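Let's take a walk through this fold, one piece at a time. Keep the viewer open and follow along.

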Amino acid sequence: MANTLVGVYDNYSQAQNAYSELLACGFDRSEVQLSPEDQSADATQTATSSIGTTATRSDDHSFGSGIRNFFHNMFGGNDDYREHTEVYSEAVRRGHYLVTVNADNDEEGAQAMQVMNRFNPVDIDERAAQWKSRGWSQYDEKAPRLSDQEIEEERRQYATGGTTEGATIPVIQEELQIGKREIERGGVRVYQRVTETPVDESVRLREEHVHVERHAVDQPATEADLASMKEGSFEMRETSEEAVVAKSARVVEEVVIGKETTERTENIHDTVRRTDVEVEQLNAGSRSSTGDDEYRRHFQTAYGSAGGKYEDYAQAYRHGSTLASDERYRGYRWDEAEPIVRKDWESRNAGTPWEKAKEAVRYGWEKVTR
């Protein structure tokens, strides 16, 4: 069953990468569309190229109706998709980039969805909910497209959950998605040609020749001679053989063309990233710089003679104080917690050996627990 998939992206490079990957996977260029088609082009140009309007950026009404008509045509004018038309039209007005794919069947639809998800599309339902929480109800054809500054400000609000107080800091973890696609690696082309080879053979041919000889004879005629003395004639014909050439065709070899399918296992080695948020507890009435000053004094005592800078150990101090504030380790003594803290440190900070950071982590831990 044919269906249309729409991916919404915050920036042009994500949308362009998704568009290019879909074409590389075999989707026909006529079935895939990027809107707007160029990073410098606004949504008006997309609308004009798709449905033939003559709107300009200064003509907000034509611009707005052009976008609505573009998505109205995409969904075939079905009232069941009216809300989709409203939301996607508003997304373009707010500076998003859309990639649309017409899939002929469910298999193509699943493949297209997998490709588009690789390039971090936004959750359009979540975005629409945010718009509605700020008073948006439906797409307004007369509303102008957001300026670059307005788009940037709105993106910043998305990142902070729409407010600076009680801001939500997302913890992001990448997942490695392994798929398969069929590529052409070569093959065999078979040509059939006709060649001629000279052949020399010998054959013996027989020929007959009639010889006529006359001999002078002087003898009496016999009765037989007299009986043959009458008019008449007889013939003796000559024969000869000539070569007759005939050809016969025989099959002397067969060339069979086939394909053999084999499977192999390929190990994919890659890395995925994750953001971790560390929370440092501060004593009531104290300023963050106070703890930092104590860490610096300890650094001079523990590491000053070895050279280096305090900044090289600041992360270790914060790591110890953060874990000591974690409910999971409440009530632990340092000697009990050290194996766990060490394992956590080494998993997050492979570039700094534990023996180098140990004293700083321990000081940060004991500063909170004492």
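V6 is a handy place to start: its bridge partner is T100, which sits in strand 3. Since this is a predicted model, treat everything below as a reading of that prediction. Next to that pairing, L5 has V101 of strand 3 as its bridge partner. Altogether, seven bridges hold strand 1 and strand 3 together, and the two run antiparallel. Strand 3 also has dealings with strand 2: residues 97–103 are joined to strand 2 by four bridges, again antiparallel. One of the residues to look for there is S35, whose bridge partner in strand 3 is L98.

Put those pairings together and you get an open sheet of three strands, ordered 1-3-2, with antiparallel pairing. Strand 1 (3–9) and strand 2 (32–35) are the edges; each has a single partner strand, so one side of each has no neighbour in the sheet. From one strand to the next, the twist averages 15 degrees. As a reminder of what the pairing involves, strands of a sheet pair through backbone hydrogen bonds, either parallel or antiparallel.

How enclosed are these strands? In strand 3, six of the seven residues are buried, so the rest of the structure largely encloses it. Strand 1 has five of its seven residues buried, so it too is largely enclosed by the rest of the structure.

Part of the sheet's surroundings is helix 1. Residues 12–24 make up this helix, 13 residues that reach 18 Å from first C-alpha to last, close to the 18 Å expected at 1.5 Å a residue. Its buried residues are Y12, Q14, A15, A18, Y19, E21 and L22. What do the buried residues of helix 1 pack against? Their neighbours are strand 1, strand 2, strand 3 and helix 5 (106–117). Just past the end of helix 1, G26 has a positive phi of about 105 degrees.

Now jump to helix 4. It covers residues 82–93, and its end C-alpha atoms are 17 Å apart, which agrees with the 16 Å that its 12 residues should span at 1.5 Å a residue. Nine of those 12 residues are buried, so helix 4 is largely enclosed by the rest of the structure. The buried stretch is T85, E86, V87, Y88, S89, E90, A91, V92 and R93. After helix 4 comes G95, with a positive phi near 90 degrees.

One of the things helix 4 packs on is helix 6 (residues 124–133), at an angle of about 80 degrees and with the axes 11 Å apart. That angle makes the two helices roughly perpendicular. On the helix 4 side, the contact uses E83, V87, Y88, E90 and A91, while helix 6 brings I124, A128, W131 and K132.

Time to look at the nonpolar interior. In soluble globular proteins, nonpolar side chains tend to be buried together. Here the largest nonpolar core has 21 residues, and Y317, V341, V361 and W365 have the most contacts inside it. Helix 9 (288–302), helix 10 (311–324), helix 11 (334–348) and helix 12 (354–369) are the elements giving two or more residues to this core. For a closer look, pick V361: leaving aside residues up to four places away in sequence, it touches A316, H319, G320, W334, V341, W345 and W354. There is also a second, separate core of 19 residues, and V32, Y97, A112 and M116 are among them.

For contrast, try R273, in the loop between helix 8 (223–227) and helix 9. Is R273 buried or exposed? R273 is exposed, with a relative accessible area of 60%. It still has partners from elsewhere in the chain: I172, Q173 and E174 are touched by R273, not counting residues up to four places away in sequence. R273 and E175 are 98 residues apart in sequence, but their C-alpha atoms are 8.2 Å apart in space.

Finally, zoom out. The protein's secondary structure comes to 12 helices and three strands. Of its 370 residues, 28% are buried. Among contacts with a separation of 6 or more, 72% are between residues 24 or more positions apart.

How values were computed
Residues are numbered from 1 along each chain as its sequence is written. This is a predicted model: local features need pLDDT of at least 70, side-chain atom pairs count only at pLDDT 80 or more; totals for chains, interfaces and linings use all residues. Side-chain values use heavy atoms; hydrogens and water are left out. Two strands pair if DSSP finds at least two bridges between them. Axes are lines fitted to C-alpha atoms, for helices over the stretch in contact, and angles run from 0 to 180 degrees between N-to-C directions. The expected span of a helix is 1.5 Å times one less than its number of residues. Buried means under 20% relative accessible area, exposed over 50%, partly exposed in between (1.4 Å probe, protein chains only). A nonpolar core is a set of buried Ala, Val, Leu, Ile, Met, Phe, Trp, Tyr and Cys residues joined through side-chain atoms within 4.5 Å. Contact means heavy atoms within 4.5 Å. Angles under 35 degrees count as roughly parallel, over 145 as roughly antiparallel, 65 to 115 as roughly perpendicular and the rest as oblique.
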